[in-house]
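Visitor: Please take one close look at how the charged side chains are placed in this model, and follow them to whatever they touch. I would like a single connected account, with the distances and accessibilities kept in view.

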Amino acid sequence: APDVTAIAQEMPELLEEVIPLSDVLRAEIVYAIRYEMARRPMDFLRRRTPLCLTHSPQAEALRYICSVFQKQLDWDVRRSENEYTLALNEWTQHHPF
């Protein structure tokens, strides 16, 4: 499997952080979907990154994460919106701060 940097070369925007100062690149979302079987945004946020523990819920970041899942897994808009709502609720509910 290619590394995260190789995936980031596909699109320059993938080199940006999911959340500023998080050290988690957008390319890591794609990597988790393609090579680690992430199937839902919270799967990525809770099992493959520390974002749920280290950052308060971020609607804009979550919208981006859901859009990547939508493109990578060929979701329709309704599925993407449902996943966004579920993930935002779960992130808000379980955030330690």
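Guide: Arg46 is partly exposed, its relative accessible area being 45%, and this value, like the others that follow, comes from a predicted model. The side chain of Arg46 meets that of Glu90 in a salt bridge, with an N to O distance of 2.5 Å. Since Arg46 belongs to helix α3 and Glu90 to helix α6, which covers residues 77–94, the pair ties together parts of the chain that lie 44 residues apart in sequence. Glu90 is also partly exposed, with a relative accessible area of 25%.

From this pair it is natural to turn to the helix that carries Glu90. Helix α6 has 18 residues, which at 1.5 Å a residue should span 26 Å, and the C-alpha atoms at its ends are indeed 26 Å apart, so expectation and model agree. Within α6, the residues Ser80, Glu83, Tyr84, Ala87 and Trp91 are buried. Looking down the axis of α6, one finds these buried residues inside an arc of 105°, and they therefore line one face of the helix. Residues three or four places apart in an α-helix point the same way, because there are 3.6 residues to a turn. The buried residues of α6 pack against α3, α4 and α5, whereas Arg78 and Gln93, on the other side of α6, are exposed.

Two of the buried residues of α6 can be followed further. The ring of Tyr84 has Arg63 lying over its face, at 3.7 Å from the ring centre. Trp91, for its part, is touched by His55, which also touches Ile19, Pro20, Leu21, Ser22 and His95, residues up to four places away in sequence not being counted. His55 is located in the loop between α4 and α5, the latter spanning residues 59–73. With a relative accessible area of 17%, which falls under the 20% limit, His55 counts as buried.

What other salt bridges belong in this account, and how many are there in total? With a side-chain nitrogen of Lys or Arg required to be within 4 Å of a carboxyl oxygen of Asp or Glu, the count comes to nine. One of them joins Glu36 and Arg48, whose closest N and O atoms are 3.3 Å apart. This pair links distant parts of the chain, for Glu36 is in the loop between α2 and α3 (41–47), while Arg48, 12 residues away, is in the loop between α3 and α4 (51–54). Both partners count as partly exposed, Glu36 with a relative accessible area of 34% and Arg48 with 26%. Glu36 and Arg48 are also members of a network of salt bridges that includes Asp43 and Arg47.

A further salt bridge is formed by Glu16 and Arg26, with 3.7 Å between the closest N and O atoms. Both residues are in the loop between α1 (4–8) and α2 (27–35), and the pair links distant parts of the chain, 10 residues apart. Their C-alpha atoms are 5.9 Å apart in space. Leaving aside its neighbours within four places in sequence, Glu16 is in contact with Val24, Leu25 and Arg26. The accessibilities of the two partners fall into separate classes, since Glu16 at 42% is partly exposed and Arg26 at 16% is buried. Arg26 also takes part in an arrangement with an aromatic ring: its charged end sits over the ring of Tyr64, 3.9 Å from the ring centre.

Which aromatic rings pair with one another, and how are their planes set? The count of aromatic pairs comes to two. One of them consists of Tyr31 and Tyr35, whose ring centres are 5.2 Å apart and whose planes meet at 45°, so that the pair is classed as tilted. Tyr31 and Tyr35 are four residues apart in helix α2, and therefore about one helical turn separates them. Tyr35 is partly exposed, at a relative accessible area of 36%.

To return to the starting point, the Arg46 and Glu90 side chains meet at 2.5 Å, and the helix to which Glu90 belongs has buried residues that pack against α3, α4 and α5.

Notes. Residues numbered from 1 in each chain as written. Predicted model: local features only at pLDDT ≥ 70, side-chain atom pairs only at ≥ 80, totals over all residues. Heavy atoms only, no water. Helix = DSSP H or I, 4+ residues; strand = E, 2+ residues; numbered from the N terminus. Buried < 20%, exposed > 50% of the residue type's maximum accessible area, 1.4 Å probe, protein only. Phe/Tyr/Trp six-rings, centres within 6.5 Å; stacked < 30°, edge-to-face > 60°. Lys NZ or Arg CZ within 6 Å of the ring centre and 35° of its normal. Contact = heavy atoms within 4.5 Å. Expected span 1.5 Å × (residues − 1). Arc of directions from axis to C-beta.
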